[in-house]
Amino acid sequence: MQHTHRYDLVVVGGGPGGYTAAFRAADLGLSVCLVEQHARLGGVCLNVGCIPSKTLLHGATIIEEAEEAAAMGIGFAAPRIDLAALRAHKEGVVAKLTSGLDSLAKARKVSRLQGRASFGDAHTLRVRSDAGEEAVSFEHCILATGSRTSRLPGCPDDPRIWSSSDALALKTVPKRLLIIGGGIIGLEMAQVYHALGAEITIVEMLEQIIPPADKDLVQPLFLKLKKRYQILTRTRVEEITAQAQGIRVRFAGPKAPEEGEYDAVLTAVGRRANSQELGLESIGLEVDGQGCIPVDRYQRSAIPHIYAIGDLVGEPMLAHKATHQGKVAAEVIAGLGSAFSPMTIPSVAYTHPEVAWMGLNEKEAKEQGIDYSKGKFPWGASGRALSSGASAGVSKVLFAKESGRIIGAGICGLNAGELIHEAVLALEMGADAEDISRTVHAHPTLAETFALAAEMVEGSITDLMPPKKR
């Protein structure tokens, strides 16, 4: 076993959180080694997650918008889809970004090791690869090993039963695709494969698609999708059987069919933290019931010189959370006064229309006993939405009655994922309805619908009739 020199910091995992932590630490003068099991940096997000899915979603949206243009008197021929070219375009986007990360790591003099890491002791990692094993010593360690797709119990091993990574590989377009899970990943893949010609069935155990968001926020999307897909809410998958002619699935639920047969099945039922192969037991570092490592606001674990970030520390499992935690951990190790204490972390479903939310939803506010005021502005009254063919949308904002400050917001509509950040900043800055409504927004824009929702609460709305005072 080879032994390398000692580093100030070793980062395990080269995803968005890991490479951000490594780069920030290097910028702050630390000697850094970045360990990643795959040849390319970027982790799940860049290689088999966020970036390839958004690339394919862009293509799917173009197809949908071309169809919807008929309502304006603009017609296009049916699309000719070259699956190999679409796949190559997606892979080209990923390759460009990953090669950029390689250049940034080299420019920062971050050492790279490819292999699987596990603890030898509290200051040593063993990194195993095809070439053998190396021991790496460190003063500090940041664990950023991410998460993996949860597998349905009792699910047969069959190439027609896909994970999200399999779906993004885009090897074939099945005639009938069942998607188990009506969350963000399931809905995004539904949009891609429906645009490419698949018949889509979505199964969700809970009462609505995108369960973390308020039902009325998701409603504009649901009303569109139910015309395109078969959506089975409050439905469980009881049994999956792989047969020669297709995958047979048995369901249970109040309105569920007894069974169905599909050419492919995508399981999108959540993710689990990658903590099982790190050898945490050898250094006495315990995980919780979900396999996550508990950390404090400085991202420190129970062993003070070992930090953890991103999916490995639990929900929300989002790349933008990981990057911010990575910077915090690096800065704390470098001796800066830093802590991870955001008031909210936004979530986005990149569907068509998009759904984005931040802060508390109405259910959470009620559970916490917070008395709140609500402003909703329907996009059917927005000039920009109507002129853009995007009238199926809504902007919604919640304010605490006691303080007057914003506590939550959600947007369903075109570019909602871009628009939500004004609400995030408003919450971080402690804005109230008057602050938002009296901030001049350009007209006509989709962004002004957020200010108009605040006007509904503040009482100065003129684009709609003001709500009656209680």
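This report describes the cysteines, one sheet and one helix of a predicted model.

## Basis of the model

Residues are numbered from 1 along each chain as its sequence is written. Because the structure is predicted, local features need pLDDT of at least 70, side-chain atom pairs count only at pLDDT 80 or more, and totals for chains, interfaces and linings use all residues, while side-chain values use heavy atoms, with hydrogens and water left out.

## Cysteines

If a disulfide is taken as a pair of cysteine sulfur atoms within 2.5 Å, the count comes to one. The partners are C45 and C50, with their sulfur atoms 2.5 Å apart, and the torsion about their S-S bond is about -130°, so this disulfide is left-handed.

Residues are called buried under 20% relative accessible area, exposed over 50% and partly exposed in between, using a 1.4 Å probe and protein chains only. C45 is buried, at 15%, whereas C50 is partly exposed, at 29%. C292 is also buried, at 4% relative accessibility, and its sulfur is 17 Å from the closest cysteine sulfur, that of C141, which is too far for a bond.

## A parallel sheet

Helices (H or I, at least four residues) and strands (E, at least two) are DSSP runs numbered from the N terminus, and two strands pair if DSSP finds at least two bridges between them. An open sheet of five strands follows the order β9-β16-β10-β11-β12 with parallel pairing; its edge strands, β9 (161–162) and β12 (230–232), each pair on one side only.

Strand β11, residues 199–203, is joined to β12 by three bridges, and I202 stands opposite I231 of β12. Helix α6, residues 184–195, packs on this sheet and touches β9, β10, β11 and β16, where contact means heavy atoms within 4.5 Å. The direction of α6 makes about 170° with that of β11, given axes fitted to C-alpha atoms, for helices over the stretch in contact, and angles from 0 to 180 degrees between N-to-C directions.

## Helix α4

Helix α4 (residues 83–107) has 25 residues and spans 36 Å from its first C-alpha to its last, close to the 36 Å expected, a value defined as 1.5 Å times one less than the number of residues. At its N-terminal end D82 acts as a cap, with a side-chain oxygen 3.2 Å from the backbone nitrogen of A84, and α4 is followed by K109, whose phi is positive, near 60°.

The buried residues of α4 include L83, K90 and V94, and among the elements that cover its buried residues are α1 (16–27), α3 (50–68) and β4 (111–114).

Note on methods. Polar contact = N/O pair within 3.5 Å; in protein donor to acceptor, adjacent residues only side chain to side chain.
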